[in-house]
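Visitor: I am new to this structure. Please take me in for a close look at one part of its surface, and then show me what lies around it.

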Amino acid sequence: MERGTLLARPGLWTRDTGWTLLYFLCCVLPQSAPQVLRIACDQLALGVAALFGPSHSSSVSAVQSICNALEVPHIQTHWKHPAVDNKDLFYINLYPDYAAISRAVLDLVLYYNWKTVTVVYEDSTGLIRLQELIKAPSRYNIKIKIRQLPSGNKDAKPLLKEMKKGKEFYVIFDCSRETAAEILKQILFMGMMTEYYHYFFTTLDLFALDLELYRYSGVNMTGFRLLKTDNPDVSSLIEKWSMERLQAPPRPKTGLLDGVMTTEAALMYDAVYMVAIASHRASQLTVSSLQCHRHKPWRLGPRFMNLIKEARWDGLTGRITFNKTNGLRKDFDLDIISLKEEGTEKIGIWNSNSGLNMTDGNRDRSNNITDSLANRTLIVTTILRADLAVAPLTITYVREKVIDFSKPFMTLGISILYRKPNGTNPGVFSFLNPLSPDIWMYVLLACLGVSCVLFVIARFTPYEWYNPHPCNPDSDVVENNFTLLNSFWFGVGALMQQGSELMPKALSTRIVGGIWWFFTLIIISSYTANLAAFLTVERMESPIDSADDLAKQTKIEYGGLRDGSTMTFFKKSKISTYEKMWAFMGSRQQTALVKNSDEGIQRVLTTDYALLMESTSIEYVTQRNCNLTQIGGLIDSKGYGVGTPIGSPYRDKITIAILQLQEEGKLHMIKEKWWQGNGCPEEDSKEASALGVENIGGIFIVLAAGLVLSVFVAIGEFIYKSRKNNDIEQCLSFNAIMEELGISLKNQKKLRKKSRTNGKSSFTSILTCHQRRTQRKETVA
């Protein structure tokens, strides 16, 4: 049965008691318009001052048409479809206007910054009530998905399953309080009563539902409340109401709290009180018997209707005022309530004129999230759907569209993992390494060039010529020490920092000498400074030093993790070097790309392969395998974040914790603790090691070679000089050579003048001379 039409009829008025308001309560079946019309006409025939209801929308229009014809005020306390022509002059409604509720819902959606919203409605009237929200995509960046609850058995589990599969976390339910109670049970059954979901109910009776089962689930549940329970007078009246209801016989379970006053009851209370106020203000208000078939209106109806519209009162549902044109309620407040562990609490107010004003919603929401983390076990994984994904999960554009990331807890970039090259000890001639071969060649050419310039300038300047016979000042013979050979010797002596017996005398030659000495000072100092490092450090020569080196060659194969963020970076990069690298990897995907990091590391160790991977992973691997090393710097910059499902309430808390750990330096300490492996031997020794033969043995070879060369040159000079001392026409005899050698070994010797041999030669000398003459003659012939 439906609680149907309430008919009010004032009795006789006296100065002492005023008006006595009599009422008639009629109960009719739902969706029984003929019965409602018959009962309404019967009561109008008895004489009534106002007609309340009915509660079901199917009969409202029929009753309203009668009231308009007979000019009897029609009081409504339920949502009614708005009239198109606004000709319902004898109609007022205490229930908030559908457009106002729609604006309030939209304001909350914008406040919570929901980008995707699912609207679930019970019947077609729900779409009318939420018109402002449904139009939002054209004005705001909001995606709306509309679903309808199944009719009949009210089994919404298949619908909820689709919503769960589609990760629809923000849901607005437009349904009755009975349906809302049943839906909540099915949501709990489907495992969707978690902190990831936020449910909003448009029913004004969310506060009256029994939500005991859901208080500790962490779910976000929000709704409106028209009843002003925070007013002491209202609370006192509600308490009396509850006591009377609890004493009444028990009723079937409807999902409501025991003894609670619903919004419907509060609105009816306010409606009756408004009629009572208007009746009290009316003077000599009498009712007439009205016949539906005669269409003769009540003569006092317009006046009484105006009194009702002009009435003002602070009722159970707040301040009550009406729009005189359409009879709708105006300037009202809707309390924003949210489910907490203590029950439903007020977190804000929405006013039909000023809009939304959230009081402590952010603080309460933050505390609720923190409380939900206490004494809870969260599923942490990277494969199954979980609460958190704590892993080397790179924050990318594609991933951000399907999950929410915290702030990065570690920054990184792509780099190159390659096999560490074998060290090469300094060679025998490693003392030449401090200067490149080009520099050595340029130094030699500079020495030759300076020697030639010095020779020419010394010939031109008159100050480098001197008299070799100072005792004979009138001698016309002058000499110059800077011959071409001596000039070269001067340059070599300065280069070796040993000097020579030759010293420039002229200003021009001294300028050449000074500039050459400065040049040799810089060269020798640079050589000496660089020599120690080249002799003591084991050289590590790698065929590649950067990504550019990889891109320029094809001998060393390289690649990354298949379908990973590194591959995506190269695939979408517009930089020419990286485009070239992707073209190489893309053409060899079967061999260049690997399934996982372990496979790539094994290929690096066993083949000539370079793996492109994230720098943090490279750092971790190289700390545990001394045969691997990082090549070059970072190719890009990115970060690792903690992944959470979209709309997760934990993300902000995790972000705050990450920032706090970073500021305190604890993240760096944690990384040092877990990244540090067994340790690899240092490549560069901090202390200089003793040099062995393998380091500077080449110096001894050069010294020995110089000594041997000098011996052969001395022998050549000796033979050449000995031959000049003998007669040019005679052959050099063995005895003469031995004689010259004996003289040379003495500390002093006298120069011998050239003389012809007297023919007293030994047999050997004669034989030798005879043979030479024969050869010369043959040569001449």
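Guide: Start with a rule. Surface patches are built from residues with over 30% relative accessible area and no salt bridge, and nonpolar side chains are joined within 5 Å. Keep in mind that this is a predicted model.

Now the part itself. Ile439, Met441, Tyr442, Leu444, Leu445, Leu448 and Phe488 make a nonpolar surface patch of about 640 Å². Which helix gives the most to the nonpolar patch? Helix H13 does, with six residues. That helix covers residues 437–460. Take Leu445 as one of the patch members. Leu445 sits in helix H13. Its relative accessibility is 49%, so Leu445 counts as partly exposed.

Step back to the whole chain. The protein chain has 781 residues, and 41% of them are buried. It holds 26 helices and 26 strands. About 44,700 Å² of the chain is exposed, with carbon and sulfur atoms supplying 57% of that area. Contacts reach far along the sequence. Take those between residues at least 6 apart: 68% of them join residues at least 24 apart.

The surface has a charged patch as well. Lys143, Lys401, Lys571 and Lys572 form a positive surface patch. Lys143 belongs to strand E7, residues 143–148. With a relative accessible area of 60%, Lys143 is exposed.

Next, the paired charges. How many salt bridges does the structure hold? It holds 23. One joins Arg129 and Asp174, whose closest N and O atoms are 2.6 Å apart. This pair links distant parts of the chain, 45 residues apart. Arg129 lies in helix H4 (residues 125–129), and Asp174 lies in strand E8 (residues 170–174). Are these two partners buried or exposed? A residue is buried when its relative accessible area is under 20%. Arg129 has 16%, so it counts as buried. Asp174 has 2%, so it counts as buried too.

Compare a second bridge. Lys157 and Asp155 meet through their side chains at 3.7 Å, N to O. Here the partners are partly exposed: Lys157 has a relative accessible area of 28%, and Asp155 has 33%.

A third bridge joins the side chains of Asp335 and Arg225, at 3.4 Å, N to O. Asp335 lies in strand E14 (residues 333–340) and Arg225 in strand E10 (residues 220–225), so the pair ties together parts that are 110 residues apart in sequence. Both residues are buried. The bridge does not stand alone. Salt bridges with shared partners join Arg225, Lys228, Asp230, Asp335 and Lys346 into one network.

Go now to helix H2, residues 57–70. Two neighbours in sequence are worth a look there. Val63 lies in this helix, and so does Gln64. Val63 is buried, with a relative accessible area of 1%. Gln64 counts as buried at 3% relative accessibility. What does each one touch, leaving out residues up to four places away in sequence? Val63 touches Val36, Leu37, Leu51, Gly53, Pro54 and His74. Gln64 touches His74, Asp88, Phe90 and Tyr91. His74 thus appears in both lists. Gly53 gives a distance to go with its contact. Val63 and Gly53 are 10 residues apart in sequence, and their C-alpha atoms are 8.3 Å apart in space.

Last, two loops. Which residue lies in the loop between helix H3 (98–111) and strand E6 (116–121)? Asn113 does. Asn113 is not a glycine, yet its phi is positive, at about 60°. At 49% relative accessibility, Asn113 counts as partly exposed. Lys167 lies in the loop between helix H6 (157–165) and E8. Its phi is near 55°, a positive value in a residue other than glycine. Lys167 is partly exposed, with a relative accessible area of 45%. Strand E8 also holds Asp174, the bridge partner of Arg129.

Technical notes: Residues are numbered from 1 along each chain as its sequence is written. This is a predicted model: local features need pLDDT of at least 70, side-chain atom pairs count only at pLDDT 80 or more; totals for chains, interfaces and linings use all residues. Side-chain values use heavy atoms; hydrogens and water are left out. Patches are made of residues with over 30% relative accessible area and no salt bridge: like charges are joined within 9 Å, nonpolar side chains (Val, Leu, Ile, Met, Phe, Trp, Tyr) within 5 Å. Accessible areas come from the Shrake-Rupley method with a 1.4 Å probe; for residues, only the protein chains shown count as cover. A salt bridge is a side-chain nitrogen of Lys or Arg within 4 Å of a carboxyl oxygen of Asp or Glu. Helices (H or I, at least four residues) and strands (E, at least two) are DSSP runs, numbered from the N terminus. Buried means under 20% relative accessible area, exposed over 50%, partly exposed in between (1.4 Å probe, protein chains only). Contact means heavy atoms within 4.5 Å. Lys and Arg count as positive and Asp and Glu as negative; His and the chain ends are not counted. The place of a charge is taken as NZ of Lys, CZ of Arg, CG of Asp or CD of Glu.
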